[in-house]
Amino acid sequence: RTPVKRKLVSRDEVEQFISKRLDEDEDSKRIERSELVLKKFGLLPRDFKMRAFAIKLLREQVAGFYDPKEKTINLLDWLDTDTQRPVLVHELTHALQDQQIDLEKFLKDADALDGKDPFNKGVRSDEASMARSAVTEGQAMIVLFDYGLQPYGRKTVEVPGFVDLMRQQLALQKDSGAMK
């Protein structure tokens, strides 16, 4: 519908973006609730700091991102062009989703759930928001996979076991610094 703004960003700018998003009230509270729930179930050590971990992991793993507030695709300035292309395909999918349904509103509508207990309302809202995010990310990943299969004249739906193949490839990758 409209041209998509784009920008090259550094690792420091990625970290600033993530920190800013986490500092926003709803994102910060969501991280705190998730951390508390995971600790209560014994899935995280009591001294684990989710916010610091998320910033470190995303700083090292993010290859690009679409900012629905700024309506801008951000690609990392240290990646070569061949690496940026598939990332651009994924992020352009988010830009197109945003032009069709307003991503920010779609992801935030989950916050409109009713409930008397603010913590439980927040947890339900977090789950709904994560489900909505999974839908948008899933769509963008399928477009990315189709892009990768295009030179072979194939689409993801035509390749049985494609998801299993992707899992195997991910398992072969070395752990990131944040995941050690």
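Q: What makes Arg1, Thr2, Pro3 and Val4 count as touching Gln99?
A: In this predicted model, Gln99 touches Arg1, Thr2, Pro3 and Val4, leaving out residues up to four places away in sequence. Contact requires heavy atoms within 4.5 Å.

Q: Is Gln99 buried or exposed, and how do you know?
A: Gln99, in helix H4, has a relative accessible area of 16%. Buried means under 20%, so Gln99 is buried.

Q: Why is the pair of Phe17 and Phe65 called stacked?
A: The ring centres of Phe17 and Phe65 lie 4.3 Å apart, with planes at 25°. Pairing needs centres within 6.5 Å, and stacking needs planes under 30 degrees apart. Therefore the pair is stacked. Phe17 sits in helix H1 and Phe65 in strand E2, 48 residues apart.

Q: Why does Phe65 count as buried, and Phe17 as partly exposed?
A: The cut-off for buried is under 20%, and partly exposed runs from there up to 50%. Phe65 has 12% relative accessibility, so Phe65 is buried. Phe17 has 22%, so Phe17 is partly exposed.

Q: What makes the pair of Phe48 and Phe53 tilted?
A: Their ring centres are 5.4 Å apart and their planes stand at 55°. Stacked is under 30 degrees and edge-to-face over 60. The angle fits neither class, so the pair is tilted.

Q: How do you know which strands stand at the edges of the sheet?
A: The open sheet has the order E1-E3-E2. Strands E1 and E2 each have a single partner strand, so one side of each is left without a neighbour in the sheet.

Note on methods: Residues are numbered from 1 along each chain as its sequence is written. This is a predicted model: local features need pLDDT of at least 70, side-chain atom pairs count only at pLDDT 80 or more; totals for chains, interfaces and linings use all residues. Side-chain values use heavy atoms; hydrogens and water are left out. Two strands pair if DSSP finds at least two bridges between them. Helices (H or I, at least four residues) and strands (E, at least two) are DSSP runs, numbered from the N terminus. Buried means under 20% relative accessible area, exposed over 50%, partly exposed in between (1.4 Å probe, protein chains only). Rings of Phe, Tyr and Trp (its six-membered ring) pair if their centres lie within 6.5 Å; planes under 30 degrees apart count as stacked, over 60 as edge-to-face and the rest as tilted.
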